[in-house]
Amino acid sequence: MRVAFVGKGGSGKTTLSSLFVRYATRRGPVVAIDADINQHLGLVLGVDPAEHPPPLGGMLTEIKDYLRGDNPLIRDAASMVKTTPPGRGSRLVRLGDPFFPSCSVEGVSLMVTGPFEEDDLGVACYHSKLGAVELYLNHLVDGPGEYVVVDMTAGADSFASGLFTRFDLTFLVAEPTRQGVSVYRQYRDHAAGFDVAIAVLGNKVHSPEDVDFLREHVGDDLLTWFGHSPAIRGMEQGRPFALDDLEPAAHHALATMLDRLDGQPKDWPKFGRQAAEFHIRNAHAWANRATGEDLVAQIDPGFVYGPAVAAS
Ligand SMILES: Nc1ncnc2c1ncn2[C@@H]1O[C@H](COP(=O)(O)OP(=O)(O)OP(=O)(O)O)[C@@H](O)[C@H]1O
Ligand SMILES: [Mg+2]
């Protein structure tokens, strides 16, 4: 199961995703992906920066060559773009595929896109680094009890492609403020029509009035909430931290989140349809021009997404 953490800058995406990945290891293997411009997830999980794995954003060509395998519809890495879907002959990946560099921390495999660097200005945009994540998710066959958790960049970057449709569930972190809920509305409106499942996590909630505020503005999309947590503050201050230090209410919230994710139906046919849909959009918007090819022809109508194909 795949889940994204999105929301306003500073709302707590990295914090809550770091808690969630630790918690999810109780049920199954977990891959955490730091896909934010400012790479903080490793830090919050306690990874020494020197131990960070090589960033996915720096190995796009290798990733494309690996994933296209011997799919005859994809000529070479240069004609593979972030939305190019798998087809017959493509290499599908399972959780823990050693091709994708990761480091292990507290039972979690951490992968990183890499930061947005000075050198990137003008020549690349952060979207191309996110493209590595989109390609990975497009080729990933994950089963129940396996978790991929992506800490996303603030704002609507994931709408620049089909990335926001590559998840079984999206956790939108919202503080009980007008700005917090306006990001929710923006996300919900963008996602409308794509059948994207969103659950709102209230964060830094101080009072029952805060909960009322969230309920009033996000309605039934409010799944659970976290108060201001001294344990989280301590973690941020570099004090040793274990999940058991968390307040009982936060434990309860994490359990609610994991149950919600586990209860989400996996819809491979929809996943495949949307992969094709966004690839066609992308091809027409810029990718055909950029590659000088008709990339719509990369879509393999005979390919079926899902576990059956991974097994074969
Ligand atoms: N429930 C909480 N209790 C106490 N502090 C919190 C809580 N949630 C988040 N914080 C603190 O708020 C700050 C912002 O959180 P965090 O970095 O997780 O936000 P973010 O959404 O990932 O931000 P960015 O958009 O910059 O990536 C951090 O200092 C974090 O420790
Ligand atoms: Mg963050």
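Which strands does helix H6 (residues 208-218) lie across? In this predicted model, helix H6 lies across strand E6 (169-174), strand E7 (198-205) and strand E8, and the helix runs at about 155° to E7. Another helix, H8 (residues 248-262), lies across strand E1 (2-7) as well as E6, E7 and E8, and its direction is at about 155° to that of E8.

The strands that these helices cross belong to an open sheet of eight strands, in which the order is E3-E4-E2-E5-E1-E6-E7-E8 and the pairing is mixed. Strand E3 (103-105) and strand E8 (222-227) each have a single partner strand and stand at the edges, so one side of each is left without a neighbour in the sheet. From one strand to the next, the twist averages 25°. Within the sheet, strand E2 (residues 30-35) is paired with strand E4 (residues 108-112) in the parallel sense, and this pairing extends over five bridges; Val 31, for instance, has Ser 109 in E4 as its bridge partner.

The model also contains ligand 1, which is surrounded by 20 residues, the closest being Gly 9, Gly 12, Lys 13, Thr 14 and Thr 15. At least two residues of this shell are supplied by each of three elements, namely helix H1 (13-24), strand E7 and helix H7 (230-236). Strand E7 therefore takes part in two of the arrangements described here, since helix H6 lies across E7 and E7 also supplies residues to the shell around ligand 1. When the residues of the shell are divided by character, three are nonpolar, twelve are polar and five are charged.

Note on methods: Residues are numbered from 1 along each chain as its sequence is written. Chains are lettered from A and ligands numbered from 1 in the order in which they are written. This is a predicted model: local features need pLDDT of at least 70, side-chain atom pairs count only at pLDDT 80 or more; totals for chains, interfaces and linings use all residues. Two strands pair if DSSP finds at least two bridges between them. Helices (H or I, at least four residues) and strands (E, at least two) are DSSP runs, numbered from the N terminus. Axes are lines fitted to C-alpha atoms, for helices over the stretch in contact, and angles run from 0 to 180 degrees between N-to-C directions. Two residues are in contact if their C-beta atoms, placed from the backbone, lie within 7 Å. A residue is near a molecule or strand if its C-beta atom, placed from the backbone, lies within 6 Å of it. Ala, Val, Leu, Ile, Met, Phe, Trp, Tyr, Cys and Pro count as nonpolar, Asp, Glu, Lys and Arg as charged, and the others, Gly among them, as polar.
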